[in-house]
Amino acid sequence: MTNSNSIRMNLTANSVENEIRLLLSVPKNKYATMVLLEGIDDIKLFFSLVNNENTYLFESYGGKLGIKNILSKFTSDYRVIGIADRDYETKNIPKLFYCDYCNAEMMIASNDDSLSYTLFQITSNWLNISELRTRVLDKLFYLSVIRKLNEEICWGISFEEVPLNEIIINHNDLYRIITLINLKNRSNKLECDRISLIESEVKRLAGQNYLNYTNGHDFCKGMLKELKNLYPHTRSIRCLNANEFSCLFRMGYVKKYFKESNLYKALESYQIEHNLNIV
C-alpha cells in the first residue's frame, strides 16, 4: 500500500525547510527519511523506487543547488538526504546520493532490460538495445563534450534553442556543430581558445563510457529520433513527442532494475548504517 502523504506537494522553497523540521519532530517519524529531489519528474521516478511508507519526498525548488542548501541546514540529522544527478561534479557531498553515470536518464539507459522493455512497449519489437544505445550516444558525443566543458568552465552557453535534429544530422562534423551552437549564442560564441579546449577534450574522452557525460534530455530526444527513423510509417511512433517519450522511458524503470544500480546499493548501505528503511 502506498502512502499518498509521502509526497510533499504545494510547498515553496522557503517552506520546505520548515516542513522538514516539523516532520522530524513527530515521534512516529523517528525512523523516517526526508528525501530531497531536484524536481517533480524525479519525484515521479523515485516514488516507485523507494519505500514510501517510510520516506517523505520533497522537491528542492532549486535543483541540485537547492538540495545542497537544504542539506546544509540539517548536517547533524541523518534522516535528511538528497538524491540528484551527478552531471559533471567530482566532489561528493555528505548525505547527497548521485544517480549512476551523468543523470537519472543515463542510469535508466544503462539498464538493458529496462530500455528493452520500454522500447518494446513503443515499437512492439525486441530491438538490439546495445547497438541502438551506442548509436545515439555516438551521435551526441560532440554536443556532450561541449555541454561538459560549458558546465565545468562556466562559459554560459545556452543550448535551449540549438536544433538537436541538426546536431544529430551533422554528428560527425564538430565544426558544423560549433557553428550551430554559435548561431544561437551570437554574443557568447565558441571561438579560438574554447574550440582548442573542445578539440582536446574530444580526443581525451573518445572511446570512454559516454553514459558518464551525456545529457539526459538530449539522449531521450536522440533515441526518439532513432525510433522515428526506424519506423517512419508507424503513426503511433511518428506522433510521439519528446515529453511523452521521456515519461515512458522513466516509467519502464521499475524497482527490480533499480536494485542493480550503484545508487540503490549506496542507499541500502546508508539505511543499514542508520537503521532506516529508504529502499
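**Entry 1: a pair within helix α6**

I began with helix α6, residues 129-139, where E131 and R135 both sit, four residues apart, or about one turn of the helix. I was working with a predicted model. E131 and R135 form a salt bridge, and their closest N and O atoms are 2.3 Å apart. I noted the general idea beside it: side chains of opposite charge can pair when their charged atoms come close.

Are these two partners buried or exposed? E131 is partly exposed, because its relative accessible area is 38%. R135 is also listed as partly exposed, because its relative accessibility is 23%. I then jotted down a network: K64, K68, D87 and E89 are joined into one by salt bridges that share partners.

**Entry 2: more salt bridges**

How many salt bridges does a search of the whole structure find? The search gives 17. One of them joins R250 and D42, with the closest N and O atoms 3.7 Å apart. This pair links distant parts of the chain: R250 belongs to helix α13 (residues 242-251) and D42 to helix α2 (residues 40-46), with their positions 208 residues apart.

I checked the surroundings of both. R250 counts as buried because its relative accessible area is 13%, under the 20% limit. D42 counts as buried too, because its relative accessibility is 11%.

Next I looked up R79 and D77. Their side chains meet in a salt bridge at 3.0 Å, N to O. R79 has a relative accessible area of 12%, so R79 is buried. D77 has 15%, so D77 is buried as well.

**Entry 3: the sheet**

In what order do the five strands of the open sheet lie? I read the order as β1-β3-β2-β4-β5, with parallel pairing. The edge strands are β1 (7-8) and β5, each of which pairs on one side only.

I followed one pairing in detail. Strand β4, residues 80-84, pairs with β5 in the parallel sense over three bridges. Across this pairing, G82 stands opposite L96 in β5.

Then I turned to the helices on the sheet. Helix α1 (residues 13-24) lies across β1, β2 (33-37), β3 and β4, and runs at about 170° to β3. Helix α3 also packs on the sheet, where it touches β2, β4 and β5. The direction of α3 makes about 165° with that of β4.

**Entry 4: one residue of α3**

While I was at α3, I picked out L65, which has its place in that helix. Is L65 buried or exposed? L65 is exposed, because its relative accessible area is 56%, and exposed means over 50%. I also looked up its separation from H217: the two C-alpha atoms are 19 Å apart, and the residues are 152 apart along the chain.

**Entry 5: the nonpolar cores**

Which residues have the most contacts inside the largest nonpolar core? I found F46, L119, F245 and F258, in a core of 74 residues. Helix α7 (residues 141-153) gives the most to this core, with six residues.

I stayed with F245 for a moment. Leaving aside neighbours within four places in sequence, F245 is in contact with L119, I122, C220, M223, L224, L227 and L240. There is also a second, separate core of 18 residues, which includes L36, Y56, L96 and Y98. I recognised L96 from the sheet, where this residue of β5 stands opposite G82.

**Entry 6: two tyrosines with positive phi**

I finished with two backbone angles. Y61 has a phi near 60°, a positive value in a residue other than glycine. Where is Y61 found? Y61 is in the loop between β3 (55-59) and α3 (63-71). Its relative accessibility is 32%, so Y61 counts as partly exposed.

Y101 is not a glycine either, yet its phi is positive, about 65°. I located Y101 in the loop between β5 (96-98) and α4 (104-109). Y101 is partly exposed, because its relative accessible area is 30%.

Notes: Residues are numbered from 1 along each chain as its sequence is written. This is a predicted model: local features need pLDDT of at least 70, side-chain atom pairs count only at pLDDT 80 or more; totals for chains, interfaces and linings use all residues. Side-chain values use heavy atoms; hydrogens and water are left out. Buried means under 20% relative accessible area, exposed over 50%, partly exposed in between (1.4 Å probe, protein chains only). A nonpolar core is a set of buried Ala, Val, Leu, Ile, Met, Phe, Trp, Tyr and Cys residues joined through side-chain atoms within 4.5 Å. Contact means heavy atoms within 4.5 Å. A salt bridge is a side-chain nitrogen of Lys or Arg within 4 Å of a carboxyl oxygen of Asp or Glu. Two strands pair if DSSP finds at least two bridges between them. Axes are lines fitted to C-alpha atoms, for helices over the stretch in contact, and angles run from 0 to 180 degrees between N-to-C directions.
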